[in-house]
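Hello,

Here is the structure I promised to pass on to you. Please open it first, and then read my notes below.

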Amino acid sequence: MQADSTGQGEAPQRRDEAPQRRGERWRAPYATDPAATRGRLIPEAISPTRSDFQRDRDRIIHSSAFRRLKHKTQVFVHHEGDHYRTRLTHTLEVSQIARALARALGLDEDLAEALALSHDLGHTCFGHTGEDSLDACMADHGGFDHNAQALRIVTRLERRYAGFDGLNLAWETLEGLVKHNGPLLEPDGRPTRRWIGRGIPAAILEYNALNDLELARFAGPEAQAAALADDIAYDSHDLDDGLRAGLFDLADLAEVPFLSDLLTEIDRLHPNLESSRKIHELARRVITRFVEDVIAESTRRIDALNPSSVGDIRAAQAPVIAFSEAIAEADAAIKTFLFARMYRHPGVLAVRAKANIIVADLFGRFTAEPGAMPEEWSAGLAEPGRIARRVADYIAGMTDTYAALAHKRLFATTPDLSWSPNSRSLPLTEA
């Protein structure tokens, strides 16, 4: 028996135990196999050095929409502090968690990463405020949904390649992007609960008519892992940002038993720990407990299903990559807390109201006066029915900064989005 670096002996391991214990790569039979991809809508030559999913990841990273995430709001607008998350830093955190889940469960890491990197491409400026505002503006024109907008971006709006519009991503990547929140249709063809009131976005239905994404089936396991990674990242970093912004205190987290237990553990292991370090300890424990739970619960579900292929995952009656019941309740409790204490905080709501004015004003001006947009966006708008969607595409692509500057150029007064929370960021130097 060989001693490890700590001098302690380590028991021999079976081969199938090694990946989860050592972090080695392995591929399960139910993983999505890039060699068996359903391909791209427009056929392309195979890369000699990268799988299709690696190429998709690279195309997403090099897209204009991905770069713009740097200056798009997560919760706080960009000038409120350099340490708060933006849409880009959120995306990177989701990607890291998705890869960790994929590796532990034997999934294709590159596909999980591509889906994590692309899941928020369709978000507007000013976070969910921008989406809500655009959705209201587009009420008579099919509405606005960031998931459908992401599909428009990767299939139509990005114009980087000589042979096609969009990024011409693999079928499996598009499937996971569209079904980020699960199937869109019931087995009998009716919309699922999420879409039963407003209907499935036209952009998704139009593309699905060209390239069937099987909207009534679950996405592959990598997409399911990326969706949970999104939830985990949200919970962890919004708690972190909210605490550092002073929107709530560590003592307030006693409302959530899961968080209260973690804080008790931190106090037991690290008595009298300064608040800034305690916040870090809490955030990383949230991620660790959630990730470990997903691995354990998903392993249990996989063992029960005994899938022999990714098709068995898609045909299952429920998600296979999932939280346990206890952690699902903790996730819901954290989101309820954050909704009340952070997303509906008076300071945040005040900025949201001002951002809503900017988006609504821009939409009104551009639909009435398309020539106020750059020529590449205003050209070819002779048909009135196309104007609203083109304007929505243009505004959705704006960063917070660009939207504010565009408003200042077109209107006499522009709402001041400044708001300075009582930041509790770590000191930049030692005391």
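**The second largest pocket**

Helix H17 gives the most to the lining of the second largest pocket, with seven residues. Please keep in mind that this is a predicted model, and that everything below was computed from it.

H17 spans residues 384-396, and it is one of the helices that each supply at least two lining residues, together with H3 (64-68), H7 (146-157) and H16 (375-378). The volume of this pocket is about 790 Å³. In total, 27 residues line it, and those nearest its centre are Leu157, Arg159, Trp377, Arg390 and Asp393. If you are thinking about the character of the lining, it has 12 charged residues, nine nonpolar ones and six polar ones.

**Aromatic rings**

Trp377, which you have just met as one of the residues nearest the pocket centre, also belongs to a cluster: ring pairs link it with Phe366, Tyr394 and Tyr402. How many aromatic pairs are there by the centre-distance rule? The count comes to seven.

One of them joins Phe248 and Phe337, with 5.0 Å from centre to centre and 80° between the planes, an edge-to-face arrangement. Phe248 sits in the loop between helix H10 (221-244) and helix H11 (257-269), while Phe337 belongs to helix H14 (residues 325-343), so this pair ties together parts that are 89 residues apart in sequence. Are these two rings buried or exposed? Phe248 has a relative accessibility of 1% and counts as buried; Phe337, at 4%, counts as buried too.

Tyr394 and Tyr402, from the cluster, have ring centres 6.4 Å apart and planes at 85°, so they are an edge-to-face pair as well. Here Tyr394 is buried, at 5% relative accessible area, whereas Tyr402 is partly exposed, at 39%.

**Arginines over rings**

There are also two charge-over-ring arrangements to look at. Arg59 lies over the face of Tyr161, 5.1 Å from the ring centre. Arg365 lies over the face of Phe411, and there the distance to the ring centre is 4.7 Å.

**Two buried residues and their surroundings**

Leu282 is part of helix H12 (residues 275-305) and is buried, with a relative accessible area of 1%. What does Leu282 touch, once residues up to four places away in sequence are not counted? Its contacts are Leu243, Leu250, Leu253, Leu259, Leu262, Leu263 and Ile266. In addition, the C-alpha atoms of Leu282 and Ser236 are 8.2 Å apart in space, although the two residues are 46 apart in sequence.

Glu109 is found in helix H5 (residues 109-118). With 8% relative accessibility, Glu109 counts as buried. Which residues is Glu109 in contact with, leaving aside its neighbours within four places in sequence? They are Arg25, Arg99, Ala102 and Arg103.

**The chain as a whole**

To put these details in context, the chain has 18 helices and zero strands. It is made up of 431 residues, of which 52% count as buried. Taking the contacts between residues at least 6 apart in sequence, 72% join residues at least 24 apart. The Phe248 and Phe337 pair, which ties together parts 89 residues apart, is a good place to start when you look at this in the viewer.

Best wishes

Methods: Residues are numbered from 1 along each chain as its sequence is written. This is a predicted model: local features need pLDDT of at least 70, side-chain atom pairs count only at pLDDT 80 or more; totals for chains, interfaces and linings use all residues. Side-chain values use heavy atoms; hydrogens and water are left out. Rings of Phe, Tyr and Trp (its six-membered ring) pair if their centres lie within 6.5 Å; planes under 30 degrees apart count as stacked, over 60 as edge-to-face and the rest as tilted. Helices (H or I, at least four residues) and strands (E, at least two) are DSSP runs, numbered from the N terminus. Buried means under 20% relative accessible area, exposed over 50%, partly exposed in between (1.4 Å probe, protein chains only). A charge sits over a ring if NZ of Lys or CZ of Arg is within 6 Å of the ring centre and within 35 degrees of the ring normal. On a 1 Å grid over the protein atoms alone, a cavity is a set of points where a 1.4 Å probe fits but cannot get out, and a pocket is an open set with protein on both sides within 12 Å along at least five of seven lines; lining residues have an atom within 4 Å of a point. Grid points are joined across faces, edges and corners, and a volume is the space filled by probe spheres set on the points. Ala, Val, Leu, Ile, Met, Phe, Trp, Tyr, Cys and Pro count as nonpolar, Asp, Glu, Lys and Arg as charged, and the others, Gly among them, as polar. Contact means heavy atoms within 4.5 Å.
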